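Student: I have a model open and would like a close look at a single part of it. Could you take me through the salt bridges and their surroundings, residue by residue?

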Amino acid sequence: MKSDSSTSAAPLRGLGGPLRSSEPVRAVPARAPAVDLLEEAADLLVVHLDFRAALETCERAWQSLANHAVAEEPAGTSLEVKCSLCVVGIQALAEMDRWQEVLSWVLQYYQVPEKLPPKVLELCILLYSKMQEPGAVLDVVGAWLQDPANQNLPEYGALAEFHVQRVLLPLGCLSEAEELVVGSAAFGEERRLDVLQAIHTARQQQKREHSGSEEAQKPNQEGSVSHKFLSLPMLVRQLWDSAVSHFFSLPFKKSLLAALILCLLVVRFDPASPSSLRFLYKLAQLFRWIRKAAFSRLYQLRIRD
């Protein structure tokens with residue numbers, strides 16, 4: 001009988017020592033299945049490097065949290081488990097080169113950006129800025145920072161500065177960055193001056209790049225204008241050569257007749273008038289000179305052939 005009583009009391013010692021008759025029996029809180037799944041996902045990620053299985057395990061853990069929430073479990077523990085699941089899932093997606101899906105994957109569990117844990121949001125900023133896509137998290141982080149409930153968190157100041165350095169400055173949103181730093185009480189005086197100095201430096205660099213691009217465009221514009229002015233005389237010369245060659249291809253008598261008709265229509269002089277004889281004489285001399293020039297040009301072309 002003595003051995004039986006000691007054997008029956010042995011399991012009760014594991015709860016914190018032998019029970020006294022006056023103490024009530026305390027039940028051990030049930031452990032959430034999501035905690036076991038979290039440990040399994042971390043093991044798959046770090047030890048086995050099975051990133052797909054780690055991601056699927058995280059998703060099963062989220063489903064377990066939604067379906068089998070333990071009432072006795074503290075709320076802080078549940079939040080820590082959810083945050084850790086997001087961290088493991090983000091790392092698994094990044095390892096599989098599916099980093100573009102990170103933001104949508106996280107938001108499907110938290111629904112709105114304002115509810116994201118600071119650690120998860122910081123990891124998203126770091127990932128997208130490293131992949132040269134900070135604009136993807138611009139609206140999400142902005143919504144989180146504007147939420148009054150988040151502004152009382154101890155991580156708010158560090159996350160706001162991280163947002164300025166990693167998102168706003170690379171995107172050139174200098175006014176938004178300055179407004180955030182000046183209007184937020186989370187920045188200490190020293191940190192505020194440092195961040196404002198960084199914004200000022202970025203603004204000066206932006207101005208230099210803008211002026212440099214304008215100066216680079218001016219020579220191109222001047223070159224195009226000078227090209228137009230140079231091409232205009234060439235065009236006139238080509239038109240003149242074409243007209244002269246066409247004129248030389250006409251018979252001499254037809255050319256003279258065409259010129260006389262043109263004079264009659266434009267100048268409107270009377271050929272029978274004595275005052276017109278001098279003009280006709282000069283016109284005839286001009287045509288003789290043109291005819292000699294045409295024949296000499298034709299002779300030179302035949303010699304070359």
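Tutor: Here is a walk through the salt bridges, followed by the backbone around them. Please keep in mind that this is a predicted model.

Let us begin with helix α10, which covers residues 189–249. By the rule used here, in which a side-chain nitrogen of Lys or Arg lies within 4 Å of a carboxyl oxygen of Asp or Glu, the count is six salt bridges. One of them joins Glu-189 to Arg-192, with 3.6 Å between the closest N and O atoms. Both residues belong to α10 and sit three residues apart, about one turn of the helix. The reason this spacing suits a pair is general: an α-helix has 3.6 residues a turn, so residues three or four places apart point the same way.

The two partners differ in how they meet the surface. Glu-189 is exposed, at 53% relative accessibility, because the cut-off for exposed is over 50%. Arg-192 has a relative accessible area of 16% and is buried, since buried means under 20%. What does Arg-192 touch, leaving aside residues up to four places away in sequence? Its contacts are Val-181, Val-182, Ser-184, Ala-185 and Phe-187.

Another salt bridge in the same helix pairs Arg-191 with Asp-194, where the closest N and O atoms are 3.2 Å apart. Here too the residues both lie in α10, three residues apart, about one turn of the helix. Arg-191 is partly exposed at 36% relative accessible area, and Asp-194 is also partly exposed, at 39%. This pair does not stand alone: Glu-161 joins Arg-191 and Asp-194 in a network of salt bridges.

Now move to Arg-98 and Glu-101, whose side chains form a salt bridge with an N to O distance of 2.9 Å. Glu-101 is partly exposed, with a relative accessible area of 34%, and Arg-98 is partly exposed as well, at 26%.

Asp-97 is worth a look while you are in this stretch of the chain. It lies in the loop between α4 (75–95) and α5 (102–110), and its phi is positive, about 60 degrees, although it is not a glycine. That is worth pausing on because most residues other than glycine have a negative phi. Asp-97 is exposed, with a relative accessible area of 54%.

Following the chain onward, Gln-111 also has a positive phi without being a glycine, in this case about 70 degrees. Gln-111 sits in the loop between α5 and α6, and at 61% relative accessible area it is exposed.

That loop leads into helix α6, residues 118–130. How far apart should the ends of α6 be, and how far apart are they? At 1.5 Å a residue, its 13 residues should span 18 Å, and the end C-alpha atoms are 18 Å apart, so the two values agree. The buried residues of α6 are Pro-118, Val-120, Leu-121, Cys-124, Ile-125, Leu-127, Tyr-128 and Ser-129. Just after α6, Gln-132 takes a positive phi of about 60 degrees.

To revisit the main points in your viewer, start with the Glu-161, Arg-191 and Asp-194 network, turn to buried Arg-192 and its contact with Phe-187, and finish at the loop that holds Asp-97.

How values were computed. Residues are numbered from 1 along each chain as its sequence is written. This is a predicted model: local features need pLDDT of at least 70, side-chain atom pairs count only at pLDDT 80 or more; totals for chains, interfaces and linings use all residues. Side-chain values use heavy atoms; hydrogens and water are left out. Helices (H or I, at least four residues) and strands (E, at least two) are DSSP runs, numbered from the N terminus. The expected span of a helix is 1.5 Å times one less than its number of residues. Buried means under 20% relative accessible area, exposed over 50%, partly exposed in between (1.4 Å probe, protein chains only). Contact means heavy atoms within 4.5 Å.
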